[in-house]
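I opened the notebook to look up aromatic rings and a few charged side chains. My entries follow in the order I checked things.

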Amino acid sequence: MAAKKSSWARFPHDAKAYDYAGDKLKKAWPALHAGDTEAFPDDKRAAALIKAAGKAAPKGLDAAALAEALQDAWRAFHRGDFQQAFEAGEALGPVGASVACKALGIHATYPVDDEAEQLKRYEQVGKLAEAAIAALPGEANSHYRFAFGMGRYSQGISIAKALKMGLAGKVRKALEATLELSPKHAEAHTALGLYHAEIIAKIGALVGGMTYGAKASEAEKHLATALKLTPDSPIAHIEHGNLLLLLHGDKKEDAAAAAFEKAGKLKARDAMEKLDAEFAKSQLE
């Protein structure tokens, strides 16, 4: 299980700048969540989640208590206490799945370096998100967290294997559901752009287009949208660089390097962005 205490590596940087205690969280929220359009979990939002989740809502918590629990889980995420964020979110069931999945997924992407462990965690993200989709189908991030987990899992086992297993279609369906519910979901635009680019890079534009509807023009359009929505997000620039390499190879190496350089120079607003920026810098070494 991903929740084993001994298996969680700590955030490897100074987190003082990412402490959003008290009212700081609400003030910083629009910038922190420009990428995933997560709504701020105040009492009104918590009440709506309880109503929507019905029997899947956490027992014994009123709206105020749920709001406080969700805010604390997100504070832990933003300062890099990913295990605490995951456990707090998981304890809330589908209502806490968004923060639990994000904490588990980001931790797996960076501090975890064992590939088998990464795959286990991405699978768990997918399972938590599936429960969230069942309980809260009207939440964009129920669908997006599934796409993130299964997308990373697909990359880990190879895009070719993921295509054979039918995972690519599930990821695309989840991303399209995300964007239908939240058209300005920058991270979903980024992921859908990479979906098109990775298929084209693996099986070619002709077969990719005929079999999976993958198009280079769609890849570029989605990445352009993500960059427009979140110009200060390191991950948008990192994935832009990756897209350029997938679609154009060495021809766009300089442009890709410029995208990684841009990502590395952006000021991180939380632990996730710090990890993204440091990763971007490592790609230039």
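Is phenylalanine 11 buried or exposed, and why does it count as such? I note before answering that this is a predicted model. I find phenylalanine 11 at 11% relative accessibility. The cut-off for buried is under 20%, so phenylalanine 11 counts as buried.

Next I looked up the aromatic pairs, and I find 9 of them in the structure. One of them joins phenylalanine 11 and tyrosine 18, with 6.4 Å centre to centre and 70° between the planes. I log this pair as edge-to-face because planes over 60 degrees apart count as such. I then checked tyrosine 18, which is buried with a relative accessible area of 7%.

I went on to phenylalanine 77 and phenylalanine 82, which form an aromatic pair as well. I have their centres at 5.5 Å and their planes at 65°, again edge-to-face. I record both phenylalanine 77 and phenylalanine 82 as buried.

Which residues form one aromatic cluster? I list Phe11, Tyr18, Trp29, Phe40, Trp74, Phe77 and Phe82. Both pairs above thus have their members in this cluster.

I turned to the charged side chains. I find arginine 121 over the face of tryptophan 8, at 4.6 Å from the ring centre.

I then located arginine 45 in helix H2, which spans residues 43-53. Is arginine 45 buried or exposed? I enter arginine 45 as buried, since its relative accessible area is 17%. Leaving aside neighbours within four places in sequence, I find arginine 45 in contact with Glu38, Ala39, Phe40 and Glu139. Of these contacts, Phe40 is also a member of the aromatic cluster.

Notes: Residues are numbered from 1 along each chain as its sequence is written. This is a predicted model: local features need pLDDT of at least 70, side-chain atom pairs count only at pLDDT 80 or more; totals for chains, interfaces and linings use all residues. Side-chain values use heavy atoms; hydrogens and water are left out. Rings of Phe, Tyr and Trp (its six-membered ring) pair if their centres lie within 6.5 Å; planes under 30 degrees apart count as stacked, over 60 as edge-to-face and the rest as tilted. Buried means under 20% relative accessible area, exposed over 50%, partly exposed in between (1.4 Å probe, protein chains only). A charge sits over a ring if NZ of Lys or CZ of Arg is within 6 Å of the ring centre and within 35 degrees of the ring normal. Helices (H or I, at least four residues) and strands (E, at least two) are DSSP runs, numbered from the N terminus. Contact means heavy atoms within 4.5 Å.
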